[in-house]
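Hi,

Here is the structure I promised to pass on to you. Have a look at it first, and my notes on what turned up follow right below.

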Amino acid sequence: MGQSSPCTLRSESRPLTAMEGSSVTTRKQMESKDQDVNEVKRLYRSSFRKTWDPFMLKTINDEEEVTRKFVLFLQYIICFVFGVCVLGFTFLSKTSLLLLISTSNAHSPFENKLFTHLVLACVLLVPDVLAFVKALWKTSFGSSNAAPLSILIMVCFIEAIVAFGTSVLVLVCMPHFDIITNLCILNGVCLLPSLLQVAFQLRPLKPSMLLPLVGFGFVFLGLLLFIVAHNPRQHSEEVKHIQLYVGLTIVALILVSFNWWENFTLYCKIGWMENIRESLRHTRNITYLCTSTVKILVTGAVVVAWIPIKEYNWEDMKTVSQFDLKIILSLFGIQAFSSAFCHWFGVLVCKMHAVRRSFIVPSILATPIVLFAFLIVLYDTSSKYGEEVTFNLTALCHNLKTANNSDAVQILLLEIPRSLCRARAILDSNRVGLALLGSLAICFWLGLFFSTFYVWGQHIQRIERTSQLFVRWLYEAVFMEQSMLLNTRVQKKKDEKIKRKSDHVMIYLCATMWHETVDEMSKILTSIFRLDKYKPSSSKSHKDNFDFETHIYFDDAFHLTSAVNNVQERVVNEYVKSLVCTMEDIYRIFSCDKQTSKDEQEDDDIVKQTIMETPYGGRISYTLPYGNTIYIHLKDKQKIRHKKRWSQIMYMYYLLGWKLTRKYITLSGKFEDETSIANALKTEKENTYVLALDGDTDFQPSALILLVDRLRRYPHVGAACGRIHPTGTGPMVWYQKFEYAIGHWLQKTAEHVLGCVLCSPGCFTLFRAAALMDDNVAKKYTTKATEAQHFVQYDQGEDRWLCTLLLQQGWRVEYNAASDAFTNAPQEFKEFYNQRRRWLPSTLANTIDLLNSGAPTSKKNPSISKLYILYQIIGTAASILGPATVVLMISGAFTFVLKWNGNVALALGVIPPAIYILICYKVKSDTQITIAAVMSIFYAFLMIATIMSIIGDMVRENTFITPTGLFFISMMILFSSTAMLHPQEFHLVIYGLLYIICIPSGYLLLPIYAMVNMNNVSWGTRETITRKIPRRKPQQVKRFEKKCKCLCWDIEFLVKEDKKELLQHADSAIDEEEEMEPRVEDNWISNLQEHSLHIMLIEEQLDEVENPFWNDLITLYLKPIEDNKEEQAAIEKKLKSFRNRATFLFFIINLLWIVSTFFLQAIGSDIHIKIPKILPSGDFSKDEFLSIEPLGFMFLVSFTGLLAIQFIAMLYHRINTLIHFIAYKGTEIKPQQSVGKYHKMYKDHEV
């Protein structure tokens, strides 16, 4: 029979004798006494230490970022400037439009009326064309649905009526009135909106209906005065024809007022009307494609019908004078651009929370200011051309008939009094007509003011979508300020109250740790304590209010000590002890700050926290000074699966499954209203967020709030990441600073604008619980890697894979550039290469996976379109061809610097990377990195020589209009202008030179190293030597040993025992060790309690209800992976096979690109593209030509196109970032200023 091990013997149960039972009881009592004695000693030691050690090492920044006064001042300046822009562009839009209408009058000095009418029609079409382009863009770069046919026909019919009314008003009616009347009657479009506001608030009767009722009264009175002022009974027969145009004007204004029906029917509670609005809300893109087309066609039809009625000849278009062409087109350009910019700035100031001072006030004052400007011009003209001291319109008009002026500006200004002179109804009645004109102007303006008074009470979220601010996408060129005010969405107060009640947010901060240093631990703990101190909890009703918990998951936290007296202790490792000590130091700093800020001194008792054993290892919980909690989960890799992805799965199931879902599942069935429970669960999932952190992340509370804004405002956003700043010192960190900057400035912003961010870094990303809990996300994330590709895609780039799952499930991933976070970057060349050895293959694998599922993903995800998939395909192809491109660049450098033959230079450019590829297949990774470091230095010198040669060549050729010169200059301009748009990060341009000279290392050698070592799935960074328990080895018996020294060499002669004897000796030693297997004692809790002096760790027991959860979770998903040598060998074989296939395809694609270039060079200049050389004067040279090979030209054009797209997307993203930043600074809770300790000492002294 085999002998049982000591562990087996100890586990056997048998009844205890009375003596044995009493001895066990005595031993337990003695152990309890010893623990009590040790606890008393520890408390005494801690209290005694406090009497003589009051000093603290405060090397951390425990203060929140305080908004500087300059930033606040700049915020007000920007809002003021933007408000002035709204007013200025409205002024330009209205004056240019009114002057254009005046020039189309039959009696104006501009002869070609056909041309002016066509330009006026183009003015009407500009917003419709822009809306069509926007809808086409959104349809192309996102999935769109169509409204039901009946609703679409109804909307198109209403838009056709509006387009018909606008065209008739501008092209047919307004040219027959004077410029001031035209200015005033534009406010008459408020008739139907004010009536709808009154009609839908009659039941129940609301006080809010009084203002629109007053507005309706003023507009109606204005229309009556308009009729009276142009009543032909009071005037000569010459003006009787005006009655027709007065009637058409009133009808046209009523038709145009239907434009805002959707906004003001929000008061309507009729079911079918609500269904129409809801349908339109989800089908904007297709609807605007149709309605814009209808409006363009209707406007064109009115123009085509009106031209023959006016008996204009289409041949007159050929006889447009240069004078008319210049003035009319200038007015059109001013009107088109000023209208577009007015609308754009209006949207910006609303999003910046400057609605009243920068949007409403400029819009309301636009008409009076334009009228005042016209009166100034009229007075100035009267002083120049009038004969009497008092103003006399008849005399002025008589003198203007003989006035002759060739200046374009003066001619346009004279159109203002001339238009009044052409208004016979006003001219004949003189003062009465002017009084009526002034009265109708006041009535129309007051009608606009009271009809749009609801805009003054707008409540805007910190970040607001344009569709939530305005009902319609764009503006109406004729009714600039009227369209913006009437288009402002009507808000329902009840909906806002319900929304605020359901907006309670819970955030779980989840950090993963492994082998972080004390400095890195200090950063993340400081960030958490800072959030605890400065989180906006002082105002429960404030929109920033949220609750949070912190969970730190510490991998591989335990180890066994060396055996002493055949006993091993299970204790935590040095990293956990460092975390506990760091926690103590930071806790003392923030607890002292709290005592100082409260102007009171709390009891000097030791803070009591808890520590407990758990099925996965252990847990420590700390209650922070301001009431929030940190849980540190210590993972034992012998009990639970370790590494980052499994820690993420651990907190997903614990926080989102056990803590969130379970409390609702237990309620179901107990109450009849299970629907309300399901809705409550859905709401909490929507408002619960998980902030993924690394163990060294440093962030401010404002950075988290800015991410919360994105998820709070946009329910389809599943994740949002911030701007990651690498920290550290040395050339490798400098290189990464610029690399991260370019990646965020251009790549991430382009992904955010054009589609979705593909990778949200795990060091600082806020996830929505509903997104993580969605189908095929968290569940699929638990998949254990079995295939070779899975090891690369799942475990080497877990952050990117999780984002890929979210995108494939239809969620949007965003980037917020105003949310800054800092994380340590690799400072050594080896550590950097090993980090990127994981990142590059996993990035490629996840991108290819997303592209393979492009068709179903684009159907499911509205933010990912076919064009965005094409953009990613081009970007991925450029990344794959990166090594070949660098080789061609190096060969070009050889040709450029050393004047070598192109084919020779290409061969010499290929040989070093080819040799490096062979070396990577044969030698160890450390040797590969060393060789890459040496080659990087040589390539850096070559890049410096190339840059100097390019500059020298531009000087020698006396032109920079060369392919290399243009590319170099354009890159410098791109990087510089991009950096200037990021003023706080402009200094990073200094590291741009280092980035450029390291291009061969980063885009040639690094991809080679990463692809060849794809089969290595170890982490590569922060790894330390595994602590092994020393085992006694059998001593070798030596028969003879002799050491001597010969010259400089030490020579040793050693003769050992016979091998058979040694094997027998070793076997006997191993048997002896097996028999004496050491006993393991679990002393980690007492060990940590010894290390925690200031914070008392009280041992507690885990909740009995929670134990089964952890046991089941570990059994199902997190069971430790056993070391099976055969399975490991099979996996290694699969990984090598996958590596070989992938590298073959990767290198063969690059080789084909190089070979194609070689053959094109061998063929010669016959197939090269020749472009004439551009001289510095700007002229083309007739004798000298520049030849460019087709492939290089195609790649250059593609690369330039990508950069141009990214730059434009970056501009758009910067504007949105500025809006969000200003809105945040204007609505954030100001931190309470703490009382300084010296101030407190002074107060105590006074007392």
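Let me begin with Phe341, which is partly exposed at a relative accessible area of 36%. Please keep in mind throughout that this is a predicted model. Trp344 is partly exposed as well, with a relative accessible area of 35%. Both residues belong to helix H13 (residues 322-351), where they sit three residues apart, about one turn of the helix. In total the structure holds 41 aromatic pairs. Phe341 and Trp344 make one of them, an edge-to-face pair with 6.4 Å from centre to centre and 75 degrees between the planes.

Which parts of the chain does the pair of Trp658 and Phe1109 link? Trp658 is in helix H24 (residues 644-665) and Phe1109 in helix H43 (residues 1106-1118), so to speak two distant parts of the chain, 451 residues apart. Their rings are stacked, with 5.1 Å between the centres and 25 degrees between the planes. Trp658 and Phe1109 are both buried. Trp658 has a charged partner too: Arg662 lies over the face of its ring, 4.2 Å from the ring centre. A similar arrangement involves Arg645, whose charged end sits over the ring of Tyr781 at 5.8 Å from the centre.

You may also like the cluster that ring pairs build from Tyr735, Phe738, Phe829, Phe832, Tyr833, Phe975, Tyr995, Tyr1003 and Tyr1009.

Now to the charges. The structure holds 33 salt bridges, and three of them are described here.

- Glu159 and Lys295 meet through their side chains at 3.7 Å, N to O. Glu159 lies in helix H5 (residues 149-173) and Lys295 in helix H12 (residues 284-309), so this salt bridge ties together parts that are 136 residues apart in sequence. Glu159 and Lys295 are both buried.
- Lys635 bridges to Asp555, with the closest N and O atoms 2.9 Å apart. Because Lys635 lies in strand E7 (residues 629-635) and Asp555 in the loop between strand E2 (546-554) and strand E3 (558-560), the pair ties together parts that are 80 residues apart in sequence. Lys635 and Asp555 are buried.
- Lys644 pairs with Glu798, the closest N and O atoms being 3.8 Å apart. Here helix H24, which holds Lys644, is tied to helix H31 (residues 798-808), which holds Glu798, so parts that are 154 residues apart in sequence come together. Both Lys644 and Glu798 are buried.

Glu159 and Lys295 also take part in a wider arrangement: together with Asp128, Arg472 and Glu476 they are linked in a network of salt bridges.

A few single residues are worth a click. Is Thr978, in helix H38 (residues 963-980), buried or exposed? Thr978 counts as buried, because its relative accessibility is 0%. Leaving aside residues up to four places away in sequence, Thr978 touches Trp745, Leu746, Phe1207 and Met1210.

Ala878 is found in helix H34 (residues 866-880) and is partly exposed, with a relative accessible area of 25%. How far apart are Ala878 and Phe1199 in sequence and in space? In sequence they are 321 residues apart, while C-alpha to C-alpha they are 7.9 Å apart.

On the surface, Phe70, Phe73, Leu74, Ile77, Phe80, Val81 and Val84 form a nonpolar patch, with about 680 Å² of accessible area together. Val84 from this patch lies in helix H3 (residues 69-103) and is partly exposed, at a relative accessible area of 44%.

Finally, the overall picture. The protein has 46 helices and 18 strands. Of its 1247 residues, 51% are buried. Looking at contacts between residues at least 6 apart in sequence, 81% join residues at least 24 apart. The protein exposes about 61,500 Å², of which carbon and sulfur atoms supply 62%.

Happy browsing, and best wishes

Technical notes
Residues are numbered from 1 along each chain as its sequence is written. This is a predicted model: local features need pLDDT of at least 70, side-chain atom pairs count only at pLDDT 80 or more; totals for chains, interfaces and linings use all residues. Side-chain values use heavy atoms; hydrogens and water are left out. Rings of Phe, Tyr and Trp (its six-membered ring) pair if their centres lie within 6.5 Å; planes under 30 degrees apart count as stacked, over 60 as edge-to-face and the rest as tilted. Helices (H or I, at least four residues) and strands (E, at least two) are DSSP runs, numbered from the N terminus. Buried means under 20% relative accessible area, exposed over 50%, partly exposed in between (1.4 Å probe, protein chains only). A charge sits over a ring if NZ of Lys or CZ of Arg is within 6 Å of the ring centre and within 35 degrees of the ring normal. Contact means heavy atoms within 4.5 Å. Accessible areas come from the Shrake-Rupley method with a 1.4 Å probe; for residues, only the protein chains shown count as cover. Patches are made of residues with over 30% relative accessible area and no salt bridge: like charges are joined within 9 Å, nonpolar side chains (Val, Leu, Ile, Met, Phe, Trp, Tyr) within 5 Å. A salt bridge is a side-chain nitrogen of Lys or Arg within 4 Å of a carboxyl oxygen of Asp or Glu.
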